[in-house]
Amino acid sequence: MKIKIEGQCDFLVGRDSIAYTDIESVGTDNLIILGDNSKLLGSKIRIKGSGCRVIIGPHAQLKAARIVLAKDNCLVVIGGGTTWESGAFICDRGRAIVAGNDCMFSSNIVVRTSDGHGIWDKKTGRRLNLPADVSIGHHVWLGNGARVNKGTKIGSGSILGQCAIASGRLEDNCIYAGIPAKKVRESVHWTRDGDMDELPLELQNDIVDRNPDMLAPETDGRSGVIGGIVVAARRRVGDLFQR
């Protein structure tokens, strides 16, 4: 575990959590929160900017994940109970990547809020590929090698197939596959194994929570500056899911 801080970055680790990760932060007023009973293994978090937030909920397990926040006021939220085998979240230009609870992310997935390079209209000088937020609902399965482009919104309970590239809005409880990703089946539920009882109760009843509680319960009780930061992040998450 290597930590390199230039400026100010707080790293708060919840009860019974394990954090074997490299952290590099250049900037001020940055915050990383790892919820209770979570594991962050062989991963890297790199922040280059100020006012950035990384919030990982309770009972999450991340392996070989690379989380990059470039420029000021970026936000990355990964919900409770989510598992991730490897890949990258690349959050740029003050945008947000928000993933819900109980998601399953396979190996080599990439989620990003920008193309990384500018494309400009030659006549008007207007930028054509502006960065945009990404939201991934609850209980979403991203297959091996899947890609999620800037501005994408993936509905709860959906599946993005192996090596698919997602853009735009993907509906709840559907399967998407291909390049670009197209809907190939609707009205589905999925489980980590083969047992229907493993579905979250809200999905068993076809109820989708539109106002998710992304953070560890004890986080809400924090006072002072940290409490205010968490409240602001929660409000931003709620706004993103309601768009």
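Q: Where is His-59 placed?
A: His-59 is in the loop between strand E4 (53–56) and strand E5 (61–63). Strands (E, at least two residues) and helices (H or I, at least four) are DSSP runs, numbered from the N terminus.

Q: Before we go on, what kind of model is this?
A: This is a predicted model, in which local features need pLDDT of at least 70 and side-chain atom pairs count only at pLDDT 80 or more, while totals for chains, interfaces and linings use all residues. Residues are numbered from 1 along each chain as its sequence is written, and side-chain values use heavy atoms, with hydrogens and water left out.

Q: Back to His-59: what is its phi?
A: The phi of His-59 is positive, about 65°, although the residue is not a glycine.

Q: And why does His-59 count as partly exposed?
A: Its relative accessibility is 48%, so His-59 falls in the partly exposed class. That class lies between buried (under 20% relative accessible area) and exposed (over 50%), with a 1.4 Å probe and protein chains only.

Q: What about Asp-16, what is its phi near?
A: Asp-16, another residue that is not glycine, has a positive phi near 60°. Its place is in the loop between strand E1 (3–13) and E2. Asp-16 counts as exposed because its relative accessibility is 67%.

Q: Which residues does the cis peptide bond join?
A: The cis bond joins Ile-179 and Pro-180, with omega about -10°. Pro-180 belongs to the loop between strand E20 (174–177) and strand E21 (182–186).

Q: Changing topic: how many residues are in the largest nonpolar core?
A: There are 42, and those with the most contacts inside the core are Ile-136, Leu-142 and Leu-160. Strand E2 (residues 18–34) gives the largest share, 4 residues. A core here is a set of buried Ala, Val, Leu, Ile, Met, Phe, Trp, Tyr and Cys residues joined through side-chain atoms within 4.5 Å. In soluble globular proteins, nonpolar side chains tend to be buried together.

Q: What does Leu-160 touch?
A: Setting aside residues up to four places away in sequence, Leu-160 touches ten residues' worth of surroundings that include Trp-141, Leu-142, Ala-146, Val-148, Leu-170 and Tyr-176. Contact means heavy atoms within 4.5 Å.

Q: Which residues does the second core include?
A: That separate core has 7 residues, among them Ile-55, Leu-75, Val-98 and Ala-233.

Q: Arg-53 next: in which strand is its place?
A: Arg-53 lies in strand E4, and it counts as buried because its relative accessibility is 13%. Beyond neighbours within four places in sequence, its contacts include Asp-29, Leu-69, Cys-74, Leu-75 and Ile-229. Arg-53 and Asn-73 are 20 residues apart in sequence, with 7.4 Å between their C-alpha atoms.

Q: Which backbone oxygen lies 2.5 Å from the side chain of Arg-53?
A: The backbone oxygen of Asp-29 lies at that distance from a polar atom of the Arg-53 side chain.

Q: How many disulfides does the count come to?
A: The count is 0, a disulfide being a pair of cysteine sulfur atoms within 2.5 Å.

Q: For Cys-91, where is the nearest cysteine sulfur?
A: The nearest is that of Cys-74, 4.1 Å away, and Cys-91 is in no disulfide. Cys-91 is buried, at 0% relative accessibility.

Q: How many bridges join strand E9 to strand E12?
A: 4 bridges join E9 (residues 87–92) to E12 (residues 109–112), and the two run parallel. Phe-89 has Val-111 as its bridge partner in E12. E12 is also joined by 2 bridges to strand E15 (residues 147–148), again parallel, where Val-148 is the partner of Val-111. Strands pair if DSSP finds at least two bridges between them.

Q: How many aromatic pairs does a search of the whole structure find?
A: The search finds 4. Phe-89 and Phe-105 are one tilted pair, with ring centres 6.1 Å apart and planes at 50°. Rings of Phe, Tyr and Trp (its six-membered ring) pair if their centres lie within 6.5 Å; planes under 30 degrees apart are stacked, over 60 edge-to-face and the rest tilted. Both Phe-89 and Phe-105 are buried. Trp-141 and Trp-190 also form a tilted pair, 5.5 Å centre to centre with 55° between the planes.

Notes. Polar contact = N/O pair within 3.5 Å; in protein donor to acceptor, adjacent residues only side chain to side chain.
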